Amino acid sequence: MTQLLQQIINGLSLGSIYALIALGYTMVYGILKLINFAHGEVFMVGAYTGFYAAGALGVAGFEGRNQAFPLYLAVLVLIIAMAAAALLGMAIEFLAYRPVRSAPRLTPLITAIGVSLFLQNAGMLLFSPNPQRYPAILSEVRFELFGVIVTNIKLTIFVVALALMLGLHLFVQRTWTGRAMRALSFNIDAAKLMGIDTNRVIRSTFAIGSALAAAGGILFGLDQITINPLMGVLTGLKAFVAAVLGGIGSIPGAVIGGLLIGLAEQLTAGYLSPEYRDAITFVILILILLLKPEGLLGVVRVEKV
Amino acid sequence: MRALTRVAVAAGVLLVIYGLQFGVEAGFTQYVQRIILLAGINVILAVGLNLINGTTGQFSIGHAGFMAVGAYGAAYIGVQLAGPVHGLLGLGPLADAVVFNLALLAGAIFAGISGLIVGMPSLRLRGDYLAVVTLGFGEIIRILFNNATFLGSATGYFGDSPSGLPEYTNFFWVFAWVTVIVLLIHNLTFSQTGRSLTAIREDEIAAEAMATPSTRLKVTAFAISAASAGIAGGLFAHMQSGVRPEDFRFEKSIDMIVMIIVGGLGSISGAILGGIFVAVSLELMRDLQQYRLVLYALLLIVIMIVRPQGLLGTRELHHLLRRKRPAKPAAPTEST
Amino acid sequence: MRILRRTLISGLCAAALVSTIGCKKNATDGSTAGAVEASEIAIGHYASMTGSTAHFGQDTDRGLRLAIEEANATGGVLGKKLKLVTLDDRGDSAEAANAVNRLIDVEKVTAVIGEVASSLSLAGGRVAQRRKIPMISPTSTNPKVTEVGDYIFRVCFIDPFQGKVMALFARNNLKFDKVAILKDVKNDYSIGLADAFQKAFTAVGGTIVVEQSYSQGDTDFSAQVTAIRGTAAQAVFVPGYYSEVGTIARTADRLGLKVPLLGGDGWDSPDLFKIGGDAINGSYFSDHFAPDVATDKSKAFVANFTKKYGQAPTGLGALGYEAGLVLVDSIKRAGKNDPSTIRDAIAGTKDFEGVTGKITIDAQRNPQKSAVVLKVEGGKAKFETSIAP
């Protein structure tokens, strides 16, 4: 029983990270109908920015001693990473996606794959392909509850992810830009006709999604101990499946999808076989696209001729 | 008479290739020969992928999986057949040729069947979703091979001899199969069926309104393209002396996409050029190997932004040659 | 007929294109990089100099280079200087085959050293065997490597022995009788070593309580560690590469799995300590060479290596050096720069004094050598004991 609980806790924390990344996918797809393949790499860059920022702020000095890296510095690292990722996201949108926005569907798809590949391999050149140990931005404290081991890092993941998701929800519901984002996801041309500066809104969407992914990246590094330049590939794909599972274009859907995928992966690894942990995500994708393509919380969109 | 001419021409072409083989084997080092063989295999991959991605407009990015099925299938069947066939025909080039080609066909059939299995559910999806699902299937296939103990799992399948699979692949077989597949797909593309496929690419709903059985055609095209990837896989396996799941990662699918994008999505001659380009650039960039994928990625992005139709667009090389002739003046219209 | 004409034209264009490129490559390669002067003997090394196991290749290359330089400093071999050409195979088996072909055709080597990973040695070895160029693998431990043919040798022990070493150590020295195995199923080195360990451990009365697996490249091991935690295992045998073992150790520590880890020579890299940190202390692994064990020759080697490269050698560096020494000695005994004579000389290596012990190449082209077991303490590997075949 404790094993099951342990696997569930692990699955939910992994799932929260997937949810953070899935939010970026779902928002961009909702507006542009484009799968931002490069989003996984933005997640990776966020993690590495956190790595280098923490290094620059002297985290190495705190490791091994009983002192913890000061909390305000940890928050600073998070902010730096989120800002850097937001800039990267906006740059990608401006340089690679905007020129092909009006092209037939295939072209932006290939461009997105190209950007993703570019960032992966540039990452390998710049950051070294070997896994790097993630610095102790948060020092680890373990608790044991009913035989289940929970670290403060897992708790932080839940708290931070929840906070960010709530923040996003409030933003989308209450602010002007948020409302504009929703308008664009319904009908981008009508929004333009209503005088909304679509370029600005799209830029903001990319920025917010990327910032969330970066937060996910730092949490991932803390939880998974190492990072490497290819960490975005599989994780990004799983987060995309999570977005589809929840209903692409739906923000609560992305959250639920993320948690479900995290759970499915962890339970498969624990009870079936670790070799199939990645395959299960793809199986879920295929099943959901065959049985309920609009996702759990999605709305069936009628395609007009 | 026409059939006889065709057979004679076919025999002639094969003889030419056979003759070229001697020239290649004498004139080039093994190292360069390998690149030439890889170029041929790439051409088969590219032309096959072009049928579904280019001509039919259904974007698949997991084709490495079908190449893997073909490779493992051909390798396994080849090993099983070697005994009986050698028993019948003795040990010699004829027996080897029979075993090899039967194995390749078996690999192609396996690959085609897996193409059907993947295609049938997936081709109901459109655009981006199809791409991700094919990616997923490609990965699933690789993971399955990684865990298949009777095929060697992660270590790979090397047949039953410590020195690996027999190296049947040589210049003649690669380019004979290149000719066969290019001809097949060329004929298919410029036939009635091919026009229906192009119609599906341009506007699927309109095509369906004109009574084109679009799902059936899409799945058929998918299966054919999977089968040709299978042939390429079989040829590759018998050149590598073994089949490893690692040889068919997502990177391989990306290489295939670069091949058809560079040449022009929808053009067979473009696919041929693209296939050669990837094989050659692989070696020319040997010292820049770390940058190879970065450069490929940039190439994809730049091509998409600057010239999305690649080198040839949907045109063929021979169409370009034909356009040089001046247009005939229009016939005067008849007055009623 | 029109179709035929078009196809023929396209085909001829393609053929022409390929031929020109092929000829160009032939010409350029013959005149620039491949030039081997008559006063040189060219030796090839193919290794993973980039990629996720770059440490393996780079360290081996450093040791090999040191051996070649030392030989050249004392006048070379057969009156000629040795030229070492290293090609990167990026950890890819197709590349390994390519690299060996290129070394033979373009760099005109008469012998090849490589590779570290057994799957790459198998790929390169098949090419070397077919082209009849002798190959010495410095560190491939999979028995299949030397079975490829009579031109393939190695200077390290093989996995059946290595698995037995750790099994005996666990049973006799640490007095464990219940061990779990956590192997990398994407890596045939790991699978082979796990297999050997299991056979040997059960043969001396131990039990394998559970067998878990992961794939090279995974970062999350909480599921496997949680499963092992629920058993009565006194240790976990993790025959993987350093890149994952460090993370596994940290995960185990974090999830409260407090037993020592056991491993093989795949652990050997400074990154193991960087990633594993405190969590890896108290674990043991088998290796070819202990940097803190002194014989005169090994002391001199460690000193020279550290002086030249600014860092201490790992087991792979030592084996790269040793492979170089054995090859140089064999060429001397062969008396001429001819691949088949060199091959015979390597096969006849007897009681050669290396830095990791005395080497005699047996009939299966493997050496009979002892292994050392190292203990991880304070972020370093320290010699614990040595076990002979």
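In this predicted model, the C-alpha centres of domain 1 and domain 2 of chain C sit 29 Å apart. The domain assignment places residues 40–157 together with 294–370 in domain 1, and residues 160–287 in domain 2. Domain 1 is thus written in two stretches of sequence, 40–157 and 294–370. Where the two domains of chain C meet, 14 residues of domain 1 are in contact with 13 residues of domain 2. On the domain 1 side, the elements that give two or more residues are H4 and helix H12 (315–334) of chain C. By class, that side of domain 1 has four nonpolar and ten polar residues, with no charged residues.

Let us stay with chain C and look at some backbone details. Just ahead of helix H4 (118–131) is a loop that starts after strand S3 (111–113) of chain C, and Glu115(C) lies in this loop. The peptide bond between Gly114(C) and Glu115(C) is cis, with omega at about -10°.

Two other loops of chain C hold residues with a positive phi. Lys175(C), in the loop between helix H6 (159–173) and strand S6 (178–184) of chain C, has a phi near 60°, a positive value in a residue other than glycine. Arg365(C), found between strand S12 (358–359) and strand S13 (371–377) of chain C, has a phi near 65°, again positive in a residue that is not glycine. Are these two residues buried or exposed? Lys175(C) is exposed, because it has 8 other C-beta atoms within 10 Å. Arg365(C), on the other hand, counts as buried because it has 24 C-beta neighbours inside 10 Å; the cut-off for burial is 20 or more.

Next, follow chain C to helix H9, residues 242–254. This helix has 13 residues and reaches 18 Å from its first C-alpha to its last, close to the 18 Å expected at 1.5 Å a residue. Eleven of its 13 residues are buried, so H9(C) is largely enclosed by the rest of the structure. The buried residues are Tyr242(C), Ser243(C), Glu244(C), Val245(C), Gly246(C), Thr247(C), Ile248(C), Ala249(C), Arg250(C), Thr251(C) and Ala252(C). What covers them? From chain C, the cover includes S6, strand S7 (207–214), helix H8 (222–229), strand S9 (261–263) and helix H10 (270–276), and strand S4 (226–227) of chain A is also part of it. After H9(C) comes Gly256(C), with a positive phi near 85°.

That strand from chain A leads on to the place where chains A and C meet. Here 21 residues of chain A are in contact with 27 residues of chain C. On the chain A side, the elements that give two or more residues are helix H1 (2–32), strand S3 (148–151) and helix H10 (251–272) of chain A. H1(A) gives the largest share, four residues. By class, the chain A side divides into seven nonpolar, ten polar and four charged residues.

Now consider chain A as a whole. It has eleven helices and four strands. Its radius of gyration is 19 Å, close to the 19 Å that the globule rule gives for 305 residues, so chain A is as compact as a globular protein of that length. The C-alpha trace of chain A spans about 60 × 45 × 40 Å along its principal axes, and 59% of its 305 residues are buried. Among contacts in chain A with a separation of 6 or more, 79% are between residues 24 or more positions apart.

Chain B is built from 13 helices and zero strands. Its radius of gyration is 21 Å, which agrees with the value near 20 Å for a compact globule of 336 residues. Its C-alpha trace spans about 80 × 50 × 45 Å along the principal axes. In chain B, 54% of the 336 residues count as buried, and residues 24 or more positions apart account for 82% of the contacts with a separation of 6 or more.

One helix to pick out here is H9 of chain B, residues 214–240. It has 27 residues and reaches 38 Å from first C-alpha to last, close to the 39 Å expected at 1.5 Å a residue. How many of its residues are buried? The count is 23 of the 27, so H9(B) is largely enclosed by the rest of the structure. Following H9(B) is Ser241(B), whose phi is positive, near 60°.

Definitions and conventions:
Residues numbered from 1 in each chain as written. Chains lettered and ligands numbered in written order. Predicted model: local features only at pLDDT ≥ 70, side-chain atom pairs only at ≥ 80, totals over all residues. Buried ≥ 20, exposed ≤ 12 C-beta atoms within 10 Å, placed from the backbone. Domains from an automatic or database assignment. Contact = placed C-beta atoms within 7 Å. Nonpolar A, V, L, I, M, F, W, Y, C, P; charged D, E, K, R; others polar. Expected span 1.5 Å × (residues − 1). Rg over C-alpha atoms; globule rule 2.2 N^0.38 Å.
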